[in-house]
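Colleague: Could you take me through one part of this predicted model in detail? I'd like a close look at the aromatic rings and what sits around them.

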Amino acid sequence: MILKQPSDCLEEVNRALMEYLPDETDPMREVMAYSLRNGGKRIRPFLTLAFCELCGGSREVALPFACAVEYIHTYSLIHDDLPCMDDDDMRRGQPASHIRFGEANALLGGDALLTRAFGVLTSADLPPSLVVRAVDALSQYAGTAGMIGGQVLDLAGEGSNQTIEALKRTDIGKTAALIKCACVLGCIAADAPWEQIDAAENFAEYLGIAFQIQDDILDVTSDDKVLGKPVGSDKKNGKSTYVSLLGLEGARKEEQIYTDRAVHALDIFGEDATVLRQFVRELSHRLS
């Protein structure tokens, strides 16, 4: 089995993301579509499709799960940019949703994507027992035990000196939880055994931490044009980061440690995971 490259999934995922939105008569469609159309690497949908294939499933049946995760991710970015959160005016080189549509509509657009995600999950052509498992997984990983819980810790840590251990607890929720969700949903779509699901979760946690460390590095080494959003926002908000705690070189070494751990977590899948290993290495060197 040879997995598709991430670039080979883009057109399929982008088309499905638009197809699952409300129809043109819905006043919130444009608000929802604006942030979905605004680029993005589609990392999470790719991981859902990749893990479904790795575990012997069909990427076609996993597509609704992949779109549901991206809806959750997109809503979280809309809310992150709001004045009550990170107060960022740009996202991926374009005006943030609240700048384009106003704060209230942006908030509602994020809510609409969150709500729609669960409806999209139920459209998957899979046995009801697997769909129920998927709904439960998404609610857990996106909720207070996962992404939202991590955001709460992130806000609580503003203006204080955190330890590396505290920072990792935050990032396991804030960043890694939704990556875990993407991988686990792919496994569920393939009705994978628990040992494969455990490997996927371990992989995703390591990848999520590595991804966040690279974000911290880019926040001080990149520029607004390349990054697509203002750099230096962590310092502005008084957040502890891997760079502020370890220094730039220390953060780079830590990122490599977690990238290597993510790669080794795929050993259970053998040579079938070659594309996924390459993908992880490429993320380690991303510029935005």
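Modeller: Let's start with Tyr34, which has 10% relative accessibility and so counts as buried, the cut-off being under 20%. Its partner is Phe101, and at 18% relative accessibility that residue counts as buried too. Keep in mind that all of this is read from a predicted model.

How do the two rings meet? A pair of aromatic rings is described by the distance of the centres and the angle of the planes. For Tyr34 and Phe101 the centres are 5.2 Å apart and the planes stand at 85°, so this pair is edge-to-face. As for where they come from, Tyr34 belongs to helix α2 (residues 29–37) and Phe101 to helix α5 (residues 97–101), so the pair ties together parts that lie 67 residues apart in sequence.

There's a charge here as well. Arg100 has its charged end over the ring of Tyr34, 5.9 Å from the centre of that ring. Arg100 also lies over the face of Phe101, at 4.5 Å from the ring centre. So if you click on Arg100 in the viewer, look for both rings, Tyr34 and Phe101.

The count for the model comes to five aromatic pairs, and another one worth a look is Phe51 with Phe269. That pair is edge-to-face, at 5.8 Å centre to centre and with 75° between the planes. Phe51 lies in helix α3 (residues 43–54), while Phe269 is in the loop between α13 (242–264) and α14 (274–284), so this contact ties together parts that are 218 residues apart in sequence. Phe51 is buried, with a relative accessible area of 0%, and Phe269 counts as buried at 7% relative accessibility. Phe203 joins in as well: Phe51, Phe203 and Phe269 form one aromatic cluster.

Since you work at the bench, a word on the cysteines. How many disulfides does the model have? The count comes to zero. Take Cys9: the closest cysteine sulfur, in Cys67, is 11 Å from the sulfur of Cys9, and that is too far for a bond, given that a disulfide needs the sulfur atoms within 2.5 Å. Cys9 counts as buried, at 3% relative accessibility. Cys183 is in no disulfide either, as the nearest cysteine sulfur, that of Cys187, is 7.2 Å away. Cys183 is buried too, with a relative accessibility of 0%.

Technical notes
Residues numbered from 1 in each chain as written. Predicted model: local features only at pLDDT ≥ 70, side-chain atom pairs only at ≥ 80, totals over all residues. Heavy atoms only, no water. Phe/Tyr/Trp six-rings, centres within 6.5 Å; stacked < 30°, edge-to-face > 60°. Helix = DSSP H or I, 4+ residues; strand = E, 2+ residues; numbered from the N terminus. Buried < 20%, exposed > 50% of the residue type's maximum accessible area, 1.4 Å probe, protein only. Lys NZ or Arg CZ within 6 Å of the ring centre and 35° of its normal.
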